[in-house]
Amino acid sequence: QVTGEGNTALEHLTIHWDVNSRPQGADIFWRVISSTPEVKNQNYRYLQTTPYETTEVFDIKGLTYNNAGNVQIEIKCEKTGYYTQSKKFNVSSIIEEKEISAFFRLVAEEEKNEKDFVCSYAYNIFYAFVCRGHYDL
């Protein structure tokens, strides 16, 4: 239960991080997204590769109980050959739970093969000549 005016500084709040992915070995980045002038937006910061579990200080300058509802943490997960994914967490919930927990099920990028290229090329030629009137059947 929080009492008082809600303007107590939370710049050094200790949070447990638990971020994982399947497959593991993905790079994890985080940033602050704020809609309040007291807390500035931040660029992505690299954390580590998955699995990532630690307890550390949440260093967000200007963060208070009053403005925590207007601040989000975005976690981005990247791995070569897989689509990049991200998740956003409201800082009020993080304060309440004292934890950021996320799991990313990474989706492999579809690889283009030679057959796809040939079909696409043939369609483009057909479209250019027949559909646009460059060729009479």
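Student: Which backbone oxygen lies 3.2 Å from a polar atom of the side chain of K98?

Tutor: A polar contact is a pair of N or O atoms within 3.5 Å; within protein, one must be able to donate a hydrogen and the other to accept it, and residues adjacent in sequence count only if both atoms are side-chain atoms. Here the partner is the backbone oxygen of I95. Bear in mind that this is a predicted model, where local features need pLDDT of at least 70, side-chain atom pairs count only at pLDDT 80 or more, and totals for chains, interfaces and linings use all residues. Residues are numbered from 1 along each chain as its sequence is written, and side-chain values use heavy atoms, with hydrogens and water left out.

Student: Is K98 buried, exposed or partly exposed?

Tutor: Buried means under 20% relative accessible area, exposed over 50%, partly exposed in between (1.4 Å probe, protein chains only). K98 comes out at 43%, so it counts as partly exposed.

Student: What is K98 in contact with, leaving aside its neighbours within four places in sequence?

Tutor: Contact means heavy atoms within 4.5 Å. For K98 that gives T14, I15 and H16. H16 is 82 residues away in sequence, yet its C-alpha sits 6.3 Å from that of K98.

Student: And how many bridges join strand 5 to strand 6?

Tutor: Strands of a sheet pair through backbone hydrogen bonds, either parallel or antiparallel. Two strands pair if DSSP finds at least two bridges between them. Strands 5 and 6 run antiparallel and are joined by six bridges. C77 stands opposite Q85 in strand 6.

Technical notes. Helix = DSSP H or I, 4+ residues; strand = E, 2+ residues; numbered from the N terminus.
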